[in-house]
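Work through the exercises below with the structure open beside you. Try each task before reading its solution.

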Amino acid sequence: METLELMEKAMKKSEQSIHLVASESWLPGEVRLPYLLDAYSRYVYDVEENVQKDENGLAETLPQFGGTEEYIEIETRCKNMLCEYLGGKYANVKPLSGLNMMISVVGSLVMKNELVLSVPIEAGGHSATKYVIERIGCKHEFIPYDKGSYNIDKEALEKLVNEKKVKMVYIDLMNVIYRADIEGIRKIVGKNVMICYDASHVLGLIMGGQFQNPLKEGADIIIGSTHKTFPGPHKGIFVTTNRWYYMLYQLNHMLFISHTHTADICSLAMVLEKGEKFFSEYAAKVVENARTLAERLRDNGMRIYYDTSHQLWIDCGMNDITENVNYCIENGIYVNSITIPHNGHNGVRIGVQEVTYLGFEKNDMHVLGDIIAKFFIKEDSEETRSKMAELLQKQKEKKSLEYAKLFTQIDRVLR
């Protein structure tokens with residue numbers, strides 16, 4: 001089977017599916033345009049990148065390519081909009097995506113053998129963070145957490161900070177329904193320890209005023225991938241209020257990033273240009289839909305964890321849920337299994353950001369909750385199938401409108 005045929009097969013399967021994976025999002029139709037235009041083929045190095053010092057302190061000139069002034073202006077607009085949305089003073093949009101962002105930020109700001117603390121996996125932290133930090137030569141320990149309160153163990157953290165010299169606290173929640181106690185961490189670690197908040201999952205909610213405000217609450221840096229609750233391209237961002245940290249990142253990030261994917265930056269700018277009203281309304285709908293779905297699943301007898309984000313977790317105790325999850329996927333409901341933070345139970349993680357962008361509202365979430373409950377116990381019926389078909393049709397109509405926007409943009413640019 002040829003590549004095009006495989007892509008066509010995958011597309012048809014996706015059209016018959018509802019995507020509830022918390023780390024995915026729908027990329028708006030019109031912002032797909034840069035991937036079809038000249039921007040996709042271009043390297044761009046701005047003025048700040050043209051000079052780099054070698055190991056002897058001597059300046060060397062990096063490659064410069066002409067005709068990229070417009071792309072540099074787009075990147076500058078991106079940075080200015082991000083600072084406005086997030087309350088920062090300095091921004092960088094060079095990181096390629098989440099993991100590249102993590103590597104470049106820690107590698108640029110933390111020296112070899114300096115200590116970085118991150119969120120334990122069993123408290124919702126990212127599974128790769130510890131290994132990335134150690135791989136680039138830094139020391140690593142987990143932030144002490146209290147299983148009973150779903151929060152940091154303040155006494156244990158204070159003891160750790162007093163005993164060891166901590167360089168950075170990296171808040172990297174991957175399974176996230178609760179807000180991090182950034183203010184509490186700042187009071188304990190003092191002003192000289194960097195706090196870096198990885199907002200990959202909740203960036204769109206933060207920008208829409210529906211989650212915490214990391215920089216205002218005491219974080220020095222907010223980073224995040226732009227393709228989860230932020231409905232954008234696969235990109236990473238860096239925003240800070242601290243000029244020194246910004247300068248360190250500007251100086252060192254080129255060790256980890258070369259070609260910064262110009263089309264991605266153009267796409268990111270197009271999403272940011274949707275404006276404050278869009279993000280405010282969209283984020284509010286995401287939170288409302290997540291809460292509605294959580295309540296409906298509870299009404300169907302499921303044990304649910306939910307607070308204020310786009311995610312909710314189905315707690316399945318210690319039961320093997322492989323068959324249940326596979327049944328959902330085979331029948332067009334895409335979710336993923338997790339270990340529930342703090343209690344270690346088997347569970348399912350659901351994110352509603354994509355279906356929210358595609359127009360699902362409160363009544364749709366009621367229907368979706370009923371369908372998931374039926375599929376989860378591997379029960380099917382003609383009524384369930386009919387309801388599923390109605391949701392798929394609504395999703396298809398919205399996608400058709402999105403693609404129409406793209407075709408309109410193509411006609412405008414290429415005719």
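## Exercises on a predicted model

The buried residues of helix H5 pack against strand E5 (115-118), strand E6 (139-142), strand E8 (151-152), strand E9 (166-171) and helix H6 (182-189). The model is a predicted one.

**Exercise 1. Find which residues of helix H5 are buried, and explain why they line one face of the helix.**

Step 1. Helix H5 covers residues 154-163, and its buried residues are Leu157, Leu160 and Val161.

Step 2. Seen down the axis of H5, these buried residues fall within an arc of 95°, so they line one face.

Step 3. A general rule fits here. An α-helix has 3.6 residues a turn, so residues three or four places apart point the same way.

Step 4. Now take the face of H5 turned away from the buried side. The exposed residues there are Glu155, Lys159, Asn162 and Glu163.

**Exercise 2. Describe the largest nonpolar core and the contacts of Val169.**

Step 1. The largest nonpolar core has 91 residues. The members that touch the most others are Ile18, Leu86, Val169, Tyr197, Leu312, Ile333 and Ile350.

Step 2. Helix H11 (residues 276-299) supplies the largest share of this core, namely ten residues.

Step 3. Another core, of 24 residues, lies apart from this one. Val110, Met168, Cys196 and Leu248 are among its members.

Step 4. For Val169, leave aside the neighbours within four places in sequence. Val169 is then in contact with Leu117, Ile143, Ile185, Val189, Val193, Met194, Ile195 and Cys196.

**Exercise 3. Decide whether Gln250 is buried or exposed, and find the polar contact of its side chain.**

Step 1. Locate Gln250 in helix H9 (residues 243-252).

Step 2. The relative accessible area of Gln250 is 12%. Buried means under 20%, so Gln250 is buried.

Step 3. The side chain of Gln250 makes a polar contact with the side chain of Asn92, at 2.5 Å.

**Exercise 4. State the volume of the largest pocket and which elements help to line it.**

Step 1. The volume of the largest pocket is about 380 Å³.

Step 2. Its lining consists of 18 residues. Those nearest the centre of the pocket are Ser25, Trp26, Leu27, Arg32 and Glu354.

Step 3. Two or more lining residues come from each of helix H1 (3-15), strand E12 (231-240) and helix H15 (382-414). H1 gives the most, with four residues.

**Exercise 5. Compare the phi values and the surroundings of Asn113 and His342.**

Step 1. Start from the general rule: most residues other than glycine have a negative phi.

Step 2. Asn113 has a positive phi, near 75°. His342 also has a positive phi, of about 80°, although it is not a glycine.

Step 3. Asn113 sits in the loop between helix H3 (98-109) and E5. His342 sits in the loop between strand E16 (336-339) and strand E17 (346-351).

Step 4. Asn113 is partly exposed, with a relative accessible area of 48%, whereas His342 is buried, with 13%.

**Exercise 6. Place Ser400 and find how far it is from Trp244 in sequence and in space.**

Step 1. Ser400 belongs to helix H15, and at 43% relative accessibility Ser400 counts as partly exposed.

Step 2. Ser400 and Trp244 are 156 residues apart in sequence. From C-alpha to C-alpha, Ser400 and Trp244 are 47 Å apart in space.

Key:
Residues numbered from 1 in each chain as written. Predicted model: local features only at pLDDT ≥ 70, side-chain atom pairs only at ≥ 80, totals over all residues. Heavy atoms only, no water. Buried < 20%, exposed > 50% of the residue type's maximum accessible area, 1.4 Å probe, protein only. Arc of directions from axis to C-beta. Contact = heavy atoms within 4.5 Å. Core = buried A, V, L, I, M, F, W, Y, C linked by side-chain atoms within 4.5 Å. Polar contact = N/O pair within 3.5 Å; in protein donor to acceptor, adjacent residues only side chain to side chain. 1 Å grid on protein atoms, 1.4 Å probe; cavity = no way out; pocket = protein on both sides within 12 Å on 5 of 7 lines; lining within 4 Å. Points joined across faces, edges and corners; volume = space filled by probe spheres on them.
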